[in-house]
Amino acid sequence: MAKAKPEVGKACAQAESEAGDPELPTIDELYLTYLASYCDMLVVERNASQHTVRNYRLDLLDYGRWAARASVNPLCATRRDMRSYLGDLDYAQYSRRTVNRRLSSVRSFFRWLVAEGLVESNPADVVSAPKLARSLPRTIPPADMARLLSVWRGSDKPADMRNRAILEFLYACGARISETSGLLLENVDFDAGQVRVFGKGSKERIVPLHEIAIASMRDYLFNARPALLAGKESPYFFVSTRGNQMSPDALRKMFKQSLLAAGLDQTLSPHDMRHTFATDLVEGGADLRSVQEMLGHSSLSTTQIYTHVSVSHLKEEHRRTLPRG
């Protein structure tokens, strides 16, 4: 027997405001209610980040708008409807990666709906996603990394000292932006030379820090952070100029500013720092299990991609330096 309609959660107002553009088709009201409850569940039960929840919401709002345009009940879509949705995305020339992500979002949403007894079946479960060409993670060359890490060096401005510490931290332990934002004071151990990081699904891991990162982070902690806090208190290690937690968006903005100051490619991202960290470990001889542990990957197969990056780099060096390459 189907469960009663869930209460509209905190995310409902946001979902409705995003769906309420008069220039866009009106999304089914019950669908929006279920979407809001699903987003609340992601936060409360799965501890998903704001960034993750926002991406799910946007993908599912897109599906809801498509259903409205196609005169399809979004909660009663058939397999044929789902194939039509994917076909329309392909016709609109979305990348395969985007199409796959949206299908995954719809599939996950319907699995929750089925588990809650709100719908009877998942039309996305039997629809095949387009195959992706395997691409290697993007890494930052050593010379560019050196330029990036030296951007804020020598400045005694509190914000610049913080920025330098953040960049050193990102490269020193391959942390995700969300993990950097959520880093707590109590989880940084300078004496042991390590940090405790909480990744996806609140999975805990301990990652060592090298001496340069420790020096930058210690300098920030004792000589810059008090000025940024200006008498306030915060449990977070990295704080904004107003003494608040550095949000993921603020960290990304700071990273872009650093790229600009270093004269580097503006399309680089903080996640490329993570890729570079992992690739440098593999090229330096670290075993995959250790790299997996430091990155917080649940599967070794995810970590194995960095062996391909390493081999690709070796082939390029071979071609570049060998006279007959």
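**Exercise 1. Determine how many helices and strands the protein contains, and describe its burial and surface.**

Solution. In this predicted model, the secondary structure amounts to 15 helices and three strands. The protein has 325 residues, of which 43% are buried. Its exposed area is about 17,900 Å², and carbon and sulfur atoms contribute 50% of that area. Finally, consider contacts with a separation of 6 or more: residues 24 or more positions apart account for 62% of them.

**Exercise 2. Locate Ala124 and decide whether this residue is buried or exposed.**

Solution. Begin with the position in the chain: Ala124 belongs to the loop that runs between helix H5 (96-115) and helix H6 (142-149). Next, take the relative accessibility, which is 0% for Ala124. Buried means under 20%. Ala124 therefore counts as buried. Then list the contacts, leaving aside neighbours within four places in sequence: Ala124 touches Met82, Leu103, Val106 and Arg107. As a last step, compare sequence and space for Ala124 and Ala77: 47 residues separate them in sequence, while their C-alpha atoms are 9.0 Å apart.

**Exercise 3. Classify the packing of helix H7 against helix H12 and characterise the residues in contact.**

Solution. Helix H7 covers residues 158-173 and helix H12 residues 270-283; their axes are 7 Å apart, at an angle of about 45 degrees. Roughly parallel requires an angle under 35 degrees, and roughly perpendicular one of 65 to 115. H7 is therefore oblique to H12. From H7, the contact involves Leu167, Leu170, Tyr171, Ala172 and Cys173; from H12, it involves Met273, Thr276, Phe277 and Asp280. Sorted by character, the residues of this contact comprise seven nonpolar, one polar and one charged.

Technical notes: Residues are numbered from 1 along each chain as its sequence is written. This is a predicted model: local features need pLDDT of at least 70, side-chain atom pairs count only at pLDDT 80 or more; totals for chains, interfaces and linings use all residues. Side-chain values use heavy atoms; hydrogens and water are left out. Helices (H or I, at least four residues) and strands (E, at least two) are DSSP runs, numbered from the N terminus. Buried means under 20% relative accessible area, exposed over 50%, partly exposed in between (1.4 Å probe, protein chains only). Contact means heavy atoms within 4.5 Å. Axes are lines fitted to C-alpha atoms, for helices over the stretch in contact, and angles run from 0 to 180 degrees between N-to-C directions. Angles under 35 degrees count as roughly parallel, over 145 as roughly antiparallel, 65 to 115 as roughly perpendicular and the rest as oblique. Ala, Val, Leu, Ile, Met, Phe, Trp, Tyr, Cys and Pro count as nonpolar, Asp, Glu, Lys and Arg as charged, and the others, Gly among them, as polar. Accessible areas come from the Shrake-Rupley method with a 1.4 Å probe; for residues, only the protein chains shown count as cover.
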